Amino acid sequence: MGRRLLGFLVDAVAALAVNYAVMFGAVALARTGGGFGPVEAALVVVISALLVAAYHVVPTWLAGRTLGKWIAGTLVISVRTGSTPGPGAAVVRFLVFALCMAVFPVMLLVALVSMGTGRMRALWDSAGGTCVIRLPAQHP
């Protein structure tokens, strides 16, 4: 559980960094372009959301791990194949995770329920047909 929390925290900081970079870029463009209306604000939100989704989906699909999971020494695998999840599973996993994060009390409830399953699979892992495993320590 500690490794998953570490991975989550690193990924949360990375996602915040993406959001801040998009927001600061948008503010800089607004200052030079003479304005920032509701259309531009909506575009910033969409771009930010797509970049955060890409941060989670692409590395999970291609390598089974985001930066946070790499630092924590964990890997996302498909329950069916034992290899990295396909793009569809990575997208479903992220969408369920994002939905749970959108309503923080739901996230806490999901975390508590997943801890009681014995297998420690979160709702997004069940939805995506994945599980998170701990990688063995590397010895030189």
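Reader: Which helix gives the most to the nonpolar patch?
Author: The nonpolar patch lies on the surface and is formed by L6, L67, W70 and I71. Patches are made of residues with over 30% relative accessible area and no salt bridge, joining like charges within 9 Å and nonpolar side chains (Val, Leu, Ile, Met, Phe, Trp, Tyr) within 5 Å. Helices (H or I, at least four residues) and strands (E, at least two) are DSSP runs, numbered from the N terminus. With three residues, the greatest contribution comes from the helix of residues 67-72, α3.

Reader: On what kind of model do the values rest?
Author: Residues are numbered from 1 along each chain as its sequence is written, while side-chain values use heavy atoms and leave out hydrogens and water. Local features need pLDDT of at least 70, side-chain atom pairs count only at pLDDT 80 or more, and totals for chains, interfaces and linings use all residues, for this is a predicted model.

Reader: How many helices and strands does the protein have?
Author: From the N terminus on, the elements follow the order α-α-α-β-α-α-α-β. The protein therefore has the following elements: six helices and two strands.

Reader: What accessible area do the residues of the nonpolar patch have together?
Author: Areas come from the Shrake-Rupley method with a 1.4 Å probe, and for residues only the protein chains shown count as cover. For L6, L67, W70 and I71 together, the accessible area is about 390 Å².

Reader: Is W70 buried or exposed?
Author: W70 has its place in helix α3. Buried means under 20% relative accessible area, exposed over 50%, and partly exposed in between (1.4 Å probe, protein chains only). Because its relative accessibility is 53%, W70 counts as exposed.

Reader: What percentage of the residues of the protein count as buried?
Author: One residue that is buried is P85, with a relative accessible area of 1%. By contrast, V18 counts as partly exposed at 21%. Of the 140 residues of the protein, the share counted as buried is 33%.

Reader: How far apart are the end C-alpha atoms of helix α4?
Author: Helix α4 covers residues 87-102, which makes 16 residues. The expected span of a helix is 1.5 Å times one less than its number of residues, which gives 22 Å for α4. The distance between its end C-alpha atoms agrees with that span, being 22 Å.

Reader: Within what arc do the buried residues of α4 fall?
Author: The buried residues of α4 are A90, R93, F94, V96, F97 and C100. Seen down the axis, they line one face of the helix, because the arc, taken from the directions from the helix axis to the C-beta atoms, is 165°.

Reader: Which exposed residues does the face of α4 turned away from its buried side carry?
Author: The buried side of α4 includes C100, which has a relative accessible area of 3%. The face turned away from that side carries L95, L99 and A102.

Reader: How many disulfides are found in the whole structure?
Author: A disulfide is a pair of cysteine sulfur atoms within 2.5 Å. C100 is buried at 3%, and C131 also counts as buried, at 17%. A search of the whole structure gives a number of disulfides equal to zero.

Reader: Which residues do salt bridges that share partners join into one network?
Author: A salt bridge is a side-chain nitrogen of Lys or Arg within 4 Å of a carboxyl oxygen of Asp or Glu. R4 and D125 meet in one at 2.9 Å, N to O; this pair links R4 in helix α1 (residues 2-33) with D125 in helix α6 (residues 123-128), 121 residues apart. D125 also forms a salt bridge with R93, with the closest N and O atoms 2.8 Å apart, and because R93 lies in helix α4, that pair ties together parts 32 residues apart in sequence. The one network thus consists of R4, R93 and D125.

Reader: What relative accessible area does D125 have?
Author: Among its salt-bridge partners, R4 counts as partly exposed at 24%, whereas R93 is buried at 9%. D125 is itself buried, with a relative accessible area of 0%.

Reader: How far apart in sequence are the parts tied together by D11 and K69?
Author: In the salt bridge of D11 with K69, the closest N and O atoms are 3.7 Å apart. Because D11 lies in helix α1 and K69 in helix α3, the sequence separation of the parts is 58 residues.

Reader: How far apart in space are P85 and G64?
Author: P85 has its place in the loop between β1 (74-78) and α4. P85 and G64 are 21 residues apart in sequence, and their C-alpha to C-alpha distance is 6.7 Å.
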